[in-house]
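Reader: I'm in my first year and still learning to look at protein models. Could you take me slowly through one helix, and then show me what else is worth finding around the rest of the structure?

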Amino acid sequence: MLIGRKITVLGAGVAGLTVARALALRGAEVTVLEQADAIREVGAGLQISPNGARVLRALGLGEALTEAGPRAQAVELIDGETSSRVARLDLARLRGGDEYRFLHRARLIELLAEGAREAGVHIRLLQRIESVELGDHPPRLFTAQGGEMEADLLIGADGLHSKVRQALNGQVAPFFTHQVAWRGVIPCADSEPKIAQVFMGAGKHVVSYPLGNGLRNVVAIEERDRWVEESWNLRDDAMTLRAAFEDFCPPVQKWLTQMEEPWLWGLFRHPVAERWHGHGAAILGDAAHPTLPFLAQGAVMAIEDAWVLAESLASHETPDAALAAYQAQRRPRCTAIVEAANRNSRNYHLSGVTRAVAHLGLRAASAIAPARLIGRFDWVYGHDVTAGAGG
């Protein structure tokens, strides 16, 4: 147990709030530092696959998860231009015992924040950290107001532009993938089937699924040469989005006409961090392994990280041994998932003969061996970090 151990978590996103609750439940005195004036998320959806749901339930958040969003029934791959179905992964029939859910990101953050506070976590807002200094001494944090604070143990859950990652690994420039993504939520009847649909086209695709509470998530991705900032806070002209997908089928056109001010962000490929820990500090989630959104595992990897990190700290005699064990367990898996997401980005955007052959193969597999098709992802969704070392 971590009774009385003082731990500072930098960032109140999915990674930070999950690890904060996990640590507090094991007896730690946890403080979360968040730079914003409130815990909030911009409108976007996400998927929680079984490997993430297992952790949330193990943390005592199962009832809140059930209420937060609908249970997924299936995933469909569809030709974006003709609307003909290429493949279907019937989750309800083939994986009925597993829990796949669609959530609004704000609902997930809300339940995690409530869970953290209920466990005794202290969340401090308006704490903008400009830099972090690591060495033989305890971690030092320097604020935007010129202040300085010290942490007994620092957990960097501070996202893509992590100060803790930079202190551990130095500055590494990301690689622009020449892909951009628009996202938004639109109205949706709660009676609509709970299916994630991927509409694929040459050099672009659209993903959509219902979130419950009258909302549908829509993400549209296009390959382009023009650089776009890597930010969650940019807006774009809706006409630009609609023009990019004007050759797609009517269902997609209907959704895009409802997106008046879509969010836009550039997709960048970041290397998985070489060093996840140093003396008195560690990173997790996007700070350690940013991923492209083509396997729906970004939030789930952060949730897995949180459990493993908390369990390692509680079960090893020294923090250094715990943090080394944490990196050894998590880095290979997260690297494999990041690489799989990179491959999906190519597979969704095939064109010409390559696309025709690939779609023919998927149609055959979906019809003849659907269990084998869905089984290709068992290494991702079947993983259970709550089961002990090695998952």
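Author: Happy to! Let's start with helix 5, residues 105-118. Its 14 residues should span 20 Å at 1.5 Å a residue, and the end C-alpha atoms are indeed 20 Å apart, so the expected and actual spans agree. Keep in mind as we go that this is a predicted model.

Now look at which way the residues of this helix face. The buried ones are R105, L108, I109, L111, L112, A113, G115 and A116. Here a general rule helps: an α-helix has 3.6 residues a turn, so residues three or four places apart point the same way. With that in mind, pick out L108, L111, L112 and G115, which are among the buried residues of helix 5.

What covers these residues? The cover includes helix 1 (14-25), helix 2 (50-58) and helix 3 (62-68), together with strand 3 (45-48), strand 6 (101-104) and strand 7. After helix 5 comes G120, which has a positive phi, near 100°.

One residue of helix 5 leads us onward. L108, buried in that helix, is among the five residues that touch the most other members of the largest nonpolar core; the others are L23, V30, I48 and I155, and the core has 103 residues. Helix 9 gives this core its largest share, eleven residues. There is also a second, separate core, with 20 residues, including I186, L241, A244 and W255. As a general background, nonpolar side chains tend to be buried together in soluble globular proteins.

Let's follow L23 for a moment. Beyond its neighbours within four places in sequence, L23 is in contact with L2, I7, A28, V30, A310 and L313. V30 is itself one of the five residues of the core just named.

That brings us to helix 9, residues 298-315. Its 18 residues reach 26 Å from first C-alpha to last, close to the 26 Å expected at 1.5 Å a residue. Of those 18 residues, 14 are buried, so helix 9 is largely enclosed by the rest of the structure. A good example is S312, which sits in helix 9. Its relative accessible area is 5%, and buried means under 20%, so S312 counts as buried. Setting aside residues up to four places away in sequence, S312 touches A322, A325 and Y326.

Next, try the loops. D190 is in the loop between strand 12 (175-187) and strand 13 (195-201), and with 45% relative accessibility this residue is partly exposed. Apart from residues up to four places away in sequence, D190 touches G212, N213 and G214. Two of these contacts involve backbone nitrogens: that of G214 is 2.8 Å from a polar atom of the D190 side chain, and that of N213 is 3.3 Å from a polar atom of the same side chain.

Two other loops have a backbone detail to look for. Most residues other than glycine have a negative phi. S83, in the loop between strand 4 (74-79) and strand 5 (85-90), is not a glycine, yet its phi is positive, about 65°. L126 also has a positive phi, near 60°, and is found in the loop between strand 7 (122-124) and strand 8 (129-133). S83 is partly exposed, with a relative accessible area of 38%, whereas L126 counts as exposed, at 55% relative accessibility.

Finally, have a look at the aromatic rings. The model has eight aromatic pairs. One of them joins F245 and F248, which meet edge-to-face, with 5.2 Å between the ring centres and 85° between the planes. Both partners are buried: F245 has a relative accessible area of 0%, and F248 has one of 5%. K204 lies over the face of F245, 5.5 Å from the ring centre. Elsewhere, Y100, F377 and Y381 form one aromatic cluster. And to finish back at helix 9, W307 has the charged end of R26 sitting over its ring, 4.5 Å from the centre.

Notes: Residues numbered from 1 in each chain as written. Predicted model: local features only at pLDDT ≥ 70, side-chain atom pairs only at ≥ 80, totals over all residues. Heavy atoms only, no water. Helix = DSSP H or I, 4+ residues; strand = E, 2+ residues; numbered from the N terminus. Expected span 1.5 Å × (residues − 1). Buried < 20%, exposed > 50% of the residue type's maximum accessible area, 1.4 Å probe, protein only. Core = buried A, V, L, I, M, F, W, Y, C linked by side-chain atoms within 4.5 Å. Contact = heavy atoms within 4.5 Å. Polar contact = N/O pair within 3.5 Å; in protein donor to acceptor, adjacent residues only side chain to side chain. Phe/Tyr/Trp six-rings, centres within 6.5 Å; stacked < 30°, edge-to-face > 60°. Lys NZ or Arg CZ within 6 Å of the ring centre and 35° of its normal.
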